[in-house]
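Here are my notes from going through the model, written as numbered points. Keep the structure open beside them as you read.

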Amino acid sequence: MESGLPSNRNEEHGVPKDGSWFAQFRNGSNPWMARYVYAVIFLASNLLAWAVRDYGRNAFPEMEKLKNCQGGRACLGAEGVLRVSLGCFAFFSVMFLSTARTPKMYNCRDSWHSGWWSAKIALWIALTATAFLVPTFIVQIYGEIAHFGAGVFLLVQLVSVISFITWLNDWCQSDKISEKCRMHVMSLATASYVICIVGIVMMYIWYAPESSCLLNIFFITWTLVLIQLMASISLHPKVNAGILTPGLMGLYVVFICWCAIRSEPAGENCIRKAEESNRTDWLTIISFVIALLAMVIATFSTGIDSQCFQFRKKEAPAEDAVPYGYGFFHFVFATGAMYFAMLLIGWNTHHTIKKWTIDVGWTSTWVRIVNEWLAVGVYLWMLLAPVILLRFRQTSEAA
């Protein structure tokens, strides 16, 4: 991506002549690199929340002395996760308030976003430590608000994913490359549908082995119906959205359905991981690590996609315009802090989760399922809205 940039790229972005990563980090001159530093801070908060939840009682015995934590016990487990999340949320909220609506580079707010790392890391540590000193009732209130904030994060991520899929489809159908990409589009769409069918069949085998597994059968069957519905509407002559977008959306909803069923508590007759629920093996640990990294990557990729939320007509950016919305970036990470808290406690502030598990519980399952249905609803609305608005406009002009 960077090979086609002009030779004076360093000057355009304010990068010093010594273009090393260390120099850019020290001088705070590269907003693109700053994203990765914030992602590392966010990952560190995730790991700290997990450590407090699973190993806090043994690693932090001195917390028994904290008065605001009910003898220290309430600061660990689910509440410990919420306290780490509160510190992370406070940090990114401060960054959001201090960088929102930054229009151009080379000013104090741009420098604050891309630099001052010693001060910001100290701020993050201080806010995280302070979160363990606040009274329990404040943490409980935050836990209730975090449900809403995590929902906002899922909605933002959903719009970002759908926008990327539609952008990819529009790019492949553009006049310049439509002929060259025709075979690639057909191959990708065919592969998407094949993977969807295979995924549906495998979920029937793994998670609906008996006819009594009515709930899982309903989840899987309804997912298949939604895929068919998206394909039918997309291929309708009045919509004519092609076959690629419903195929990619099919992959997305099948993945969400799989995550939802995987979130069901171990021990259910329709979940074949029940016999392994009492022990931690290497597969459980790897699954946990992958889920944690996927959450960080999803937050990172969504945070730089502020373009999909610009409803006004897009104009060519100025030469000194910021490369991405700083405020939106930090807003996504702030809601992401609430989201990782909900995943680690299973969306239940009074729920105890076993070690090396993430996003487990019936609440997590239904959150995933509702997210799947909402994804299909938003996608269908994006397809049908232009047709409905056109017909409404024609009716108004005729009247």
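**Notes on the model**

1. Let's start with one contact: the side chains of Y339 and R368 meet in a polar contact at 3.5 Å. Bear in mind, here and below, that this is a predicted model. Y339 belongs to helix α12, which covers residues 326-344. With a relative accessibility of 5%, Y339 counts as buried, because the cut-off for buried is under 20%.

2. What else does Y339 touch, leaving aside residues up to four places away in sequence? Besides R368, the list has A150, F153, L154, M295 and W347. There is also a C-alpha distance to look at: Y339 and T299 are 40 residues apart along the chain, and their C-alpha atoms are separated by 9.6 Å.

3. Now the overall layout. The chain has 13 helices and zero strands, so if you write out the elements from the N terminus you get α-α-α-α-α-α-α-α-α-α-α-α-α. Of the 399 residues in the chain, 45% are buried. If you take the contacts between residues at least 6 apart in sequence, 77% of them join residues at least 24 apart.

4. On to the aromatics, where the structure holds 23 pairs. Take F42 and F333: their ring centres are 5.2 Å apart and their planes stand at 90°, so this pair is edge-to-face. The two partners come from distant parts of the chain, with F42 in helix α3 (residues 31-59), F333 in helix α12, and the two positions 291 residues apart. F42 is buried, at a relative accessible area of 0%, and F333 is also buried, at 0% relative accessibility.

5. For another kind of pair, look at F255 and W258. Their rings are tilted, at 6.1 Å centre to centre with 35° between the planes. Both residues are in helix α10 (residues 244-262), and because they are three residues apart there, about one helical turn separates them. F255 is partly exposed, at 48% relative accessibility, and W258 is partly exposed as well, at 33%.

6. Which residues make up the aromatic cluster that includes F42 and F333? The other members are W32, Y38, F91, F92, W117, Y324, Y326, F329 and F340. I'd colour this group in your viewer before going on.

7. One cluster member, W117, also has a charged neighbour. K120 lies over the face of W117, at 3.8 Å from the ring centre. K120 lies over the face of W112 too, at 5.5 Å from that ring centre.

8. W117 and K120 bring us to helix α6, where both are among the buried residues, together with W124, T128 and A131. Why do I say that these buried residues line one face of the helix? Looking down the axis of α6, they fall within an arc of 70°, so they line one face. Helix α6 runs over residues 117-131, which makes 15 residues, and it reaches 21 Å from first C-alpha to last, close to the 21 Å expected at 1.5 Å a residue.

9. A smaller point on S192, which sits in helix α8 (residues 178-207). Is S192 buried or exposed? It is buried, with a relative accessible area of 2%. Not counting residues up to four places away in sequence, S192 touches G247, L248 and L251.

10. Finally, two backbone angles to check. Most residues other than glycine have a negative phi. R101 has a positive phi, near 60°, and is found in the loop between α4 (78-99) and α5 (108-114). R101 counts as exposed, at 77% relative accessibility. N240 has a positive phi as well, near 50°. Its place is in the loop between α9 (214-234) and α10, and N240 is exposed, with a relative accessible area of 58%.

Terms used. Residues numbered from 1 in each chain as written. Predicted model: local features only at pLDDT ≥ 70, side-chain atom pairs only at ≥ 80, totals over all residues. Heavy atoms only, no water. Helix = DSSP H or I, 4+ residues; strand = E, 2+ residues; numbered from the N terminus. Buried < 20%, exposed > 50% of the residue type's maximum accessible area, 1.4 Å probe, protein only. Contact = heavy atoms within 4.5 Å. Polar contact = N/O pair within 3.5 Å; in protein donor to acceptor, adjacent residues only side chain to side chain. Phe/Tyr/Trp six-rings, centres within 6.5 Å; stacked < 30°, edge-to-face > 60°. Lys NZ or Arg CZ within 6 Å of the ring centre and 35° of its normal. Expected span 1.5 Å × (residues − 1). Arc of directions from axis to C-beta.
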